[in-house]
Amino acid sequence: MWSLWLASRRPLQSAARTVGTDLLSHKTCSVKETLAPSREEVGGFTKLIEAMGFTGPLKYNKWKIKIAALRMYTCCVERVNYDDFLDRCLLPDTLNSWFLVAQLHVWMCLVRMRQEGRAGKYMCRYVVHSMWEDVEQRSKIMGIDAIHRKEALKAMTETFYAALFGYDEGILSDDSILAAALWRNLFNCQCEDSAQLELMVEYVRKQMQFIDSLDGEDLLLTGEVKWRPLLEENAQSILKASTPTYNDAGL
């Protein structure tokens with residue numbers, strides 16, 4: 001059981017294989033020019049308490065943002081067809097493969113929410129918190145003992161933050177850099193078929209274009225994210241999701 005977690009884990013320092021630039025050198029969609037959060041003017045008191053490690057007053061109630069963060073993470077695990085990824089990318093049917101697909105979608109949500117200033121950054125924290133709670137619960141259900149579970153979570157944490165760095169670099173670069181990040185972090189350096197990499201590059205580009213078109217206020221209040229399918233006839237089109245509804249309490 002323990003081997004399911006780390007069987008496909010490879011050193012993150014492995015050099016990415018060269019991907020044919022004639023196949024993956026073009027960008028399919030545009031994204032924000034920067035992944036940095038938007039600047040937000042705050043008072044001296046807020047700066048002081050945040051320098052001490054606390055979060056100052058936000059535009060929306062913190063409890064509402066936490067609920068929306070849990071919903072956003074839920075969208076990453078319940079609205080994604082994992083079987084499609086396992087079949088198309090030839091990934092083994094293990095908990096580790098599930099995690100690698102989940103972290104890709106969590107990363108895309110984090111990129112989008114970092115554009116929403118301090119409230120978005122606060123929400124990102126709880127999206128990630130929800131992910132680790134879910135991973136721990138799944139490992140318990142699988143019967144992994146406490147010692148191995150702790151070691152596995154440590155390894156997955158290292159993998160996760162390395163993947164964030166690689167994906168951030170890839171989304172702001174050309175398709176060959178993004179393909180290399182996917183080869184390392186999603187395929188665990190075990191992809192021999194360039195068509196699989198091309199499919200995933202196209203998926204990430206179109207997904208980022210789509211999620212970037214969603215209203216930031218709606219995301220902060222509802223956390224509702226709908227994902228475009230892995231395969232579709234017109235990958236260049238943007239079908240903007242219908243505006244989500246929420247009551248005065250933000251629920």
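In which helix does Asp-134 lie? The model is predicted, and in this model Asp-134 belongs to helix 7, which covers residues 117–141. Before this residue is examined further, the chain as a whole deserves a brief description.

The secondary structure of the protein chain consists of 11 helices and zero strands. Followed along the sequence, the pattern reads α-α-α-α-α-α-α-α-α-α-α. Of the 251 residues in the protein chain, 49% are buried. Among the contacts in the chain with a separation of 6 or more, 77% are accounted for by residues 24 or more positions apart.

Helix 4 is a suitable starting point, since its dimensions can be checked. Helix 4 comprises the 17 residues 62–78, and at 1.5 Å a residue it should span 24 Å; the end C-alpha atoms are 24 Å apart, so the expected and the computed values agree. The buried residues of helix 4 are Ile-65, Ala-68, Ala-69, Met-72, Tyr-73, Cys-75, Cys-76 and Val-77. The spacing of such residues can be read against helix geometry. An α-helix has 3.6 residues a turn, so residues three or four places apart point the same way. The elements that cover the buried residues of helix 4 include helix 5 (82–88), helix 6 (95–113), helix 7 and helix 11.

The packing of helix 4 with helix 7 can be described in detail. Two packed helices are described by the angle between their axes and the distance between the axes. For helix 4 and helix 7, the angle is about 50° and the axes are 8 Å apart. The two helices are therefore oblique to each other, and their crossing is right-handed. On the side of helix 4, the contact is made by Lys-62, Ile-65, Lys-66, Ala-68, Ala-69, Leu-70, Met-72, Tyr-73 and Val-77. Helix 7 contributes Ala-119, Tyr-122, Met-123, Tyr-126, Val-127, Ser-130, Met-131, Asp-134 and Arg-138. These contact residues divide into 13 nonpolar, one polar and four charged.

Asp-134 thus takes part in the contact between helix 4 and helix 7. Is Asp-134 buried or exposed? Its relative accessibility is 19%, and because the cut-off for burial is under 20%, Asp-134 counts as buried. When its neighbours within four places in sequence are left aside, Asp-134 is in contact with Tyr-73, Val-77 and Trp-98. Tyr-73 and Val-77 are also among the buried residues of helix 4.

A second helix pair offers another arrangement. Helix 8 (residues 146–171) and helix 9 (residues 175–185) pack at an angle of about 160°, and their axes are 7 Å apart. That angle makes helix 8 roughly antiparallel to helix 9. Helix 8 passes helix 9 in a left-handed crossing. The contact involves Ala-162, Ala-163, Gly-166, Tyr-167, Glu-169, Gly-170 and Ile-171 of helix 8, together with Ile-177, Leu-178, Ala-181, Leu-182, Arg-184 and Asn-185 of helix 9. By class, the residues of this contact are eight nonpolar, three polar and two charged.

The final stop is Pro-229, found in the segment after helix 11 (216–222). Pro-229 has 43% relative accessibility and therefore counts as partly exposed. Residues up to four places away in sequence not being counted, Pro-229 touches Tyr-203 and Lys-206. Pro-229 and Val-80 are 149 residues apart in sequence, while their C-alpha atoms are 8.3 Å apart in space.

How values were computed
Residues are numbered from 1 along each chain as its sequence is written. This is a predicted model: local features need pLDDT of at least 70, side-chain atom pairs count only at pLDDT 80 or more; totals for chains, interfaces and linings use all residues. Side-chain values use heavy atoms; hydrogens and water are left out. Axes are lines fitted to C-alpha atoms, for helices over the stretch in contact, and angles run from 0 to 180 degrees between N-to-C directions. Helices (H or I, at least four residues) and strands (E, at least two) are DSSP runs, numbered from the N terminus. Angles under 35 degrees count as roughly parallel, over 145 as roughly antiparallel, 65 to 115 as roughly perpendicular and the rest as oblique. A crossing is left-handed if the near helix is turned anticlockwise from the far one by less than a right angle, and right-handed if clockwise. Contact means heavy atoms within 4.5 Å. Ala, Val, Leu, Ile, Met, Phe, Trp, Tyr, Cys and Pro count as nonpolar, Asp, Glu, Lys and Arg as charged, and the others, Gly among them, as polar. Buried means under 20% relative accessible area, exposed over 50%, partly exposed in between (1.4 Å probe, protein chains only). The expected span of a helix is 1.5 Å times one less than its number of residues.
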